[in-house]
Amino acid sequence: MSHPPIDQTAAWQALAAHAQKVRGRHLGELFADPQRGRAFTRQAAGLTLDLSKQRWCAETLTRLLDLACTAEVPEAIGALLAGERVNVSEDRPALHTALRLPPEASLVVEGEDLVPGVQATLARMAAMVERLHASQWRGATGRPIHDVVNLGVGGSDLGPQMVTHALADYRPEGVAPIEVHFASTMDGSQLVDYLTRFNPETTLFVISSKSFTTIDTLSNARTARDWLMTRLVCAGSEGVDEALVMRQHFIGVSASPQKMAEWGIAEANQLEFWEWVGGRYSLWGAIGLPIALVIGMAHFRELLAGAHVLDRHFATAPLADNLPVLLALAGIWNVNFLDIRAHSILPYDGRLEYFAAYLEQLEMESNGKSATLDGRQVSYSTCPVLWGQLGPNAQHAFYQLLHQGTQPVVCDFIAPLVRYEDVREPATRDHLMGQHRLTLANCFAQSRLLMLGDEAIDEPGERPGHKRYRGNQPSTTLLLDRLTPATLGALIALYEHKVFVQATIWGINPFDQWGVELGKQIAGETQRILESHRGHEGMDASTRGLVEAAWRAEAPNGD
C-alpha cells in the first residue's frame, strides 16, 4: 500500500503550523521553566542525553512523536532488527546489529541463524589477535610482526581509526607492542610515509574492502606488495619467496573470498564480511580487526556489548524515552521546521578526535539522499551538512561564527563526566582532574552562551554591537559516564539508530550510496582517458581542459 509523502500528512502539517507559532520564542524564555532541564533529559547505556537546549517545548515533542508514529517508526525499528530487507534498492537486510549480538543469542533470517557465523568470524579474529600479541605471527624472515597497516577507505578506515584512537588507553598489558596504522588516500602519500620508515620484515598489511574491488584500497595494496617483494624477495632474503611473503604479510577482510584468493590472500588469512553489512556500519565485525589489535579481544567484546545494550534500548524503550528516536526528532525539527541545515559535532575529549569525521560519513552518506524509497524526488530537506572537530580547538577556530555569525547551526556537545580518576600518582591525578574540570567548564559554558546569548553575561549597561551575542542557537549535550569500550559502543549505536529513524521519517534508504558508486564509475572512465590519451573530445570544456593540462604536465618538456 502506497503512503503519501510525509510532508503531506496531517502530522507534518500540524508541526508546520506549530513551528510558525513558536519559531520566534527565545531559549532564554523557555528556560523560565525550572523543570525544563529534567523534562528533556534521558539516560540509557551509560549515556545522558540533554535535549533541553533545543528550541522546542512539550507540545513540539508531542507533535514530533505523532509524526514518528505516522511514519511507522516503531514498525521500522522492528523490521530493521528482525533482518527484513530494509535496504530496498539492493534488496537485502541491514544487519550491523547482528554483529554485536551475544554468543548465546539467536537471529534467524530467511531460515538461517546468523549468530554462529558471526561468532565464528570473531573467533577467527581472536586467534589472529592472540598470535600477533604473543609475537607468534612472524614475517617471511622469521621476525615477529611489529607494525600493522590497515589499507581501507570510508567505512573500512574511518570507523576503526576513530575507535582505536578513542580507546588507546585500553591496550592490554603484557602483550607484544603491536603498532596499528591507517592508509586510505589513493595518492599513496600516507602509505609511502610508512614505507620509508617501517621494516618490511616486521610489517603486516590488512586489506579491508567489502567488494575487494575498491580502487583506492587496491592501489595501496599493490604498492605494499611491490615494496615487500622488492625488499624481501628480489633482495635475496634466504628462503623467502613470493608465496611466503603473501602468506605472512597480508590479511584480507572482504565479502568476496574469491577475489581475495585471486589477489593472493591465503585462505587462512581471510576474514568474512557479509553483504548485509554496509561499509560505514561495519566496524563491529572483521573490519574491526585493527581495533581488536589495539585494545584486545576482551575489550572489543565490551565495545560490542555496549552497542547491544543500546540496541535493546532502541528496540524496547517507548518513543518518548528512546534516546535514538529523541535525537532523531530533534534533528527533524531543526532541519524541516526551523530551517537549520548545518550541524556541528563538538567532542570535549581528545580521545574523540576522529568522531566528527566518522559521523560525517555515517550521516551524510546514509541520509544525503533526495529520492524516496519509491523513487519520488523529495520536496523537503533531508540530511544537514555535518562538520566538526574537538571543541577546545574549535573554540579558537569557528565558534566565532556560531556565536555571532549569520548562519544558524545546531551543535552536539559530547564529553565524559569522569576522567583520570585511575591515575596512580596523587599530584598528577589532581592536576589532570583539574584539567578535565576546565574542559567540562568550557563545554557547559559554550552551550549556555549559544543558548542565552547576552543574557548569560552578568555585566551592567548596554553592550556595544560588536560584543553582542544573539543566543538562541540550539544544541544537544551528550554525556558519557566514562569513555570506555562499552559507552563508546553505545554512543556509536545511538547515532547509527538516529540516522535510521530520520531516514524512516524522510522516506529514504540510509543503506545505499549510489551517488558514491556513480562517482567511482566516472572516475574510472576519466582514468582510462588520462592513460590512453584518447576520448576526451566528448567531455565538457572544463574537464577537457583539465585533462589536457594533466597531459601537458606529464610530457617531458611540458609540451
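Two strands are said to pair if DSSP finds at least two bridges between them. In the present structure, which is a predicted model, this notion applies to strand β10, residues 342-347, and β11, which pair in the parallel sense over 4 bridges. Within this pairing, I345 stands opposite G388 in β11.

Both strands belong to an open sheet of 6 strands, arranged in the order β1-β2-β13-β12-β10-β11, and the pairing in this sheet is mixed. The edges are occupied by β1 (41-44) and β11 (385-388); each has a single partner strand, so one side of each is left without a neighbour in the sheet. On average, neighbouring strands of the sheet are turned by 15° against each other, direction ignored. In general, the strands of a sheet pair through backbone hydrogen bonds, in either a parallel or an antiparallel manner.

A helix accompanies part of this sheet. Helix α14, formed by residues 355-367, lies across β10, β11 and β12 (410-416), and runs at about 170° to β11.

Two loop residues deserve attention for their backbone angles. Most residues other than glycine have a negative phi. A45, although not a glycine, has a positive phi of about 55°. A45 is located in the loop between β1 and β2 (47-50). Because its relative accessibility is 25%, A45 counts as partly exposed, a class that lies between buried, under 20%, and exposed, over 50%.

S135, likewise a residue other than glycine, has a positive phi near 60°. The loop that holds S135 runs between α6 (115-133) and β5 (147-151). With a relative accessibility of 23%, S135 also counts as partly exposed.

How values were computed:
Residues numbered from 1 in each chain as written. Predicted model: local features only at pLDDT ≥ 70, side-chain atom pairs only at ≥ 80, totals over all residues. Heavy atoms only, no water. Helix = DSSP H or I, 4+ residues; strand = E, 2+ residues; numbered from the N terminus. Axes fitted to C-alpha atoms, helices over the stretch in contact; angles between N-to-C directions. Contact = heavy atoms within 4.5 Å. Buried < 20%, exposed > 50% of the residue type's maximum accessible area, 1.4 Å probe, protein only.
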